[in-house]
Every structure is written in C-alpha cells, then in structure tokens.
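This report describes one protein chain, from its overall layout down to single residues. The sequence and the coordinates come next.

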Amino acid sequence: MITLNIEKTLGFISKEAVASYESKVKAAQEALEKGTGKGNDFLGWLHLPSSITKEFLADIKATAQVLKENCEIVVVAGIGGSYLGTRAVIEALANSFSWLQEDKKNPVIVYAGHNIGEDYLYELTTFLKDKKFGVINISKSGTTTETALAFRLLKKQCEDQRGKDMAKKVIVAVTDEKKGAARITADQEGYKSYIIPDNVGGRFSVLTPVGLLPIAVAGYDIEKLVAGAVDMEKSCGMDVPFEKNPAAIYAATRNELYKNGKKIEILVNYNPKLHYVSEWWKQLYGESEGKENKGIFPAAVDFSTDLHSMGQWIQEGERTIFETVISVEKTNHSLSVPSDEANLDGLNFLAGKRVDEVNKMAELGTQIAHVDGGVPNLRITIPELNEYNIGQLLYFFEIGCGISGYVLGVNPFDQPGVEAYKKNMFALLNKPGYEEESKAIQARL
Ligand code: PA5
C-alpha cells in the first residue's frame, strides 16, 4: 500500500493540532457519505472504484482492442478533467521513450484538444498524414471549444484518410448520455460511445471511461488500476480510525498548515514519469479548493531537475510553502554508475552504486535542507510504479480532496470561475448569443 508520513511537518504544526481535526474530518466524511454537503450532486466518484464491474471493464477492453487492431496512433482529444488523468496514468507507466519506439501491440497515444495552438494542431495533423490513426473524443459537456475544434479537424482528416467506414470504427466518443455536440455527433455517425456519469465531475473522472479507455488502449491493465483504487477506497473509508486513514491525515495536515500561513503546496516527485500526476493533482486541488477567496495554491516541481531552477525559491523564498513528496521506493529497472579511469568528473566515488541510490540521497538531502529552511514536508511513499499503486494514488488524492475541501468550507465539486475566460473569449470572437458582451468588451479594449 502507499503510505503517508507527516513527521516532517511536526516542527511547524503540532501533532495535537492535526489530531484536533478528527471531528471536522469525520463531519466531512459523513457529508460525503450521506450526500448532505455542498455540491452533493457530484459525488459519483466516491464509491466509483468498488462499483466498477468486470463486465464493464471487459467492454472497455473490447473497444480498446478494436483501436489497437486498427490504429498505429490514437489521438486522445480532451482538456482538463477530460485529459489530465489519462495522461497522468499513461506517462507514469510508460517507457519514457515509448513514443519513439515501435510497439506492435499498442498504438502510440498522442494528445489534442487541450490547447488552441495553431502550430500544435498543424504539426499534429501533419504528423498524422499517412498514419493509421483513431480518435477518442472526450468531453463531458460535449461543447468545450478546445476539444471541439481539435475534433473537427481530426474527424475530417480521419474520414478523408481512412474512409468513412473505418473512421466510424476508430473514432470513439466519451461524453454525456444525452446532451452536447459530441453526443449528437456520436449518435448520428454511429460511433461506439461511453457515458460520463452526470454525478462525476471532470477532475474526478479518471476511473470512468474518460481514463479507462485510453489507458487500456495504451496497453495498461485497467483491472489492476481499479483494484488499487478499490483498496484505497477501503483504506480511507468511514470505518477506518482517523489516525489510520491516510486521506483524513492528509486533509487535516494541509488544512492546519494553511491555517499557519502555508498558502502554497508543492507536489514534488523524484521520478520524471510522475510529471503529469502532478498536473492532474494541480487541477484536482486547484479547481476544487480555489474559491471564495480561499484555498491552498497547488504548484508542482520535478526534482532533482527543478532544484536547479526553483530550488532557490523553495529553500529561501517567502516562507509560505509546504511540500508533499511522492517518493517511489523501487525503480522498474536497474542501472549502476560505471567507473572511469580518468575520473575527470570526480564521480568515481559513486562507481558501482545504483543511479537510484544517488537519487534517493538527493531526496533525503533535499528533505533535510527544506525542513531546515522552513518548508514542512509530507511524504507519500509508493512501493513502485505500476497500475495497482497508481490506482491507489488516484483515489487517495480524490478522497483527500473531497475531505479537505469540506474541511476548508468550500464546495469542492464546482468550478464557477472557469467560465469567466470563456465568456470573454466568445465575446471577442463574436459568438452568436454574445452580442451584448461583445459590445461591452470591445469598449474596454
Ligand atoms: O474538471 C472540470 O470540470 C474541467 O476541467 C473540465 O473537465 C474541462 O473543462 C473539460 O470539460 P468537458 O469534459 O466538458 O469538455
């Protein structure tokens, strides 16, 4: 199981202060269980792992197989909650150079619909020319501009390149049951489609077909992923005592740190494969808690890379941060430092040592330096990167977020602030229906 250690926060906050959250955390858990808290129509994620059936996973795997058999590339089109979880899991599990290697069994996964970069889309569509590609179009609302725009390009290209019949086979939609353009298109064209449940918000949707389908297409074991999440669901259940429940302790500790002026949480990894886990986590916590002029600002760094860029700020900048380190105990491969006769780099003292030992000492040295420098440190330990452990990690962060948001006193399941930029963008682009807003915004330019 993955574990949480908060010992290195205790010079900054007291054990008693963390323990004093027990009743608040219990109340938050109860509100989640009974559906009596804010945003209670978006609690479908809470017992999602344990409600996933074998038959459902078999159906996802069958669809994944169709894409595997007919595509060398699969474009996953989505943004935010319809994109980050998928990428987090795939990149955590993939060979770092998989996109450069030919893999006869699994298509290469590339991403679109998460930006409006003309160069990005030009280069993607150029790359896809003459390739046997398919598309998984993921959008809960079915109307998100970034995703819809990319899908418009990809659908046409797929039909032109592969013919209408094959396009129908290799385009899959993951969207709302009834509403939105993605649903209408899927039904009209006869695409295989999956439903994103109404009561699961985007950032909590990685264990729905939003994540499960592309993860299966990429060749990873979604049964093990779900099994990990199920076990974490048990470990963080209502019946687990406060001090034994990692999500409860995480929620309590970060809220207490926040109360003590630690306004920024940096999620740290020492394994570059976890970069997108941090991106997913940033959305989960940022979108859930950043409202009503409250909320810890979630940031992320990849160490040791960013020790050479952000390390200075973290060590000596404003003392408003704490760090949560995801530490992977065991690497998937083994590589030792070679000895060198000339020893010009002076590294012979490391000869024969595993690269990971150097990394682990960087991690330990950094922890000591940061705690000495006034940065409280939480540590999440994962035995190794595999589907089961990643499944645990995902659910741990989801339930931790639900509890933490309720303890903070916000609705962790809405995102009203996301609409502000969309309104302005549509007004500036003269979208029909935005005439008044267009006039108002033009007057301000
Ligand atoms: O968490 C959220 O609600 C958002 O990040 C959405 O997932 C994101 O905006 C994409 O929305 P949609 O799936 O409707 O295209």
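The C-alpha centres of domain 1 and domain 2 lie 29 Å apart. Domain 1 covers 3-37 + 226-415, and domain 2 covers 48-220; these bounds come from an automatic or database domain assignment. The contact between them takes 27 residues from domain 1 and 24 residues from domain 2, where contact means heavy atoms within 4.5 Å.

The model is predicted: local features need pLDDT of at least 70, side-chain atom pairs count only at pLDDT 80 or more, and totals for chains, interfaces and linings use all residues. Residues are numbered from 1 along each chain as its sequence is written, and side-chain values use heavy atoms, with hydrogens and water left out.

**Whole chain**

The secondary structure of the protein chain comes to 18 helices and 10 strands. Helices (H or I, at least four residues) and strands (E, at least two) are DSSP runs, numbered from the N terminus. The chain is as compact as a globular protein of its length, because its radius of gyration is 23 Å, close to the 22 Å that the globule rule gives for 445 residues. That radius is taken over C-alpha atoms, and the rule is 2.2 Å times the number of residues to the power 0.38. Along its principal axes, the C-alpha trace spans about 60 × 60 × 55 Å.

Of the 445 residues in the chain, 51% are buried. Buried means under 20% relative accessible area, exposed means over 50%, and partly exposed lies in between (1.4 Å probe, protein chains only). The accessible surface of the chain comes to about 20700 Å², and carbon and sulfur atoms hold 54% of that surface; the areas come from the Shrake-Rupley method with a 1.4 Å probe. Among contacts between residues at least 6 apart in sequence, 78% join residues at least 24 apart.

**Helix α12**

Helix α12 runs over residues 246-259, and its end C-alpha atoms are 20 Å apart, which agrees with the 20 Å expected for 14 residues at 1.5 Å a residue. The expected span is 1.5 Å times one less than the number of residues. Of the 14 residues in α12, 13 are buried.

At the N-terminal end, Asn245 caps α12, with a side-chain oxygen 3.0 Å from the backbone nitrogen of Ala247. Just after the helix, Gly261 takes a positive phi of about 90°.

What does Thr253 touch, not counting residues up to four places away in sequence? Thr253, which lies in α12, touches Ile6, Thr9, Ile13, Val18 and Leu378. Thr253 counts as buried because its relative accessibility is 0%.

**Backbone exceptions**

Most residues other than glycine have a negative phi, and most peptide bonds are trans. The table lists two residues with a positive phi that are not glycines.

| Residue | Phi | Loop | Relative accessibility |
|---|---|---|---|
| Asn343 | about 50° | between β9 (321-330) and α15 (355-372) | 27%, partly exposed |
| Asn430 | about 55° | between α17 (419-428) and α18 (435-444) | 53%, exposed |

The peptide bond from Phe303 to Ser304 is cis, with omega near 5°. Ser304 sits in the loop between β8 (297-302) and α14 (311-316).

Note on methods. Polar contact = N/O pair within 3.5 Å; in protein donor to acceptor, adjacent residues only side chain to side chain.
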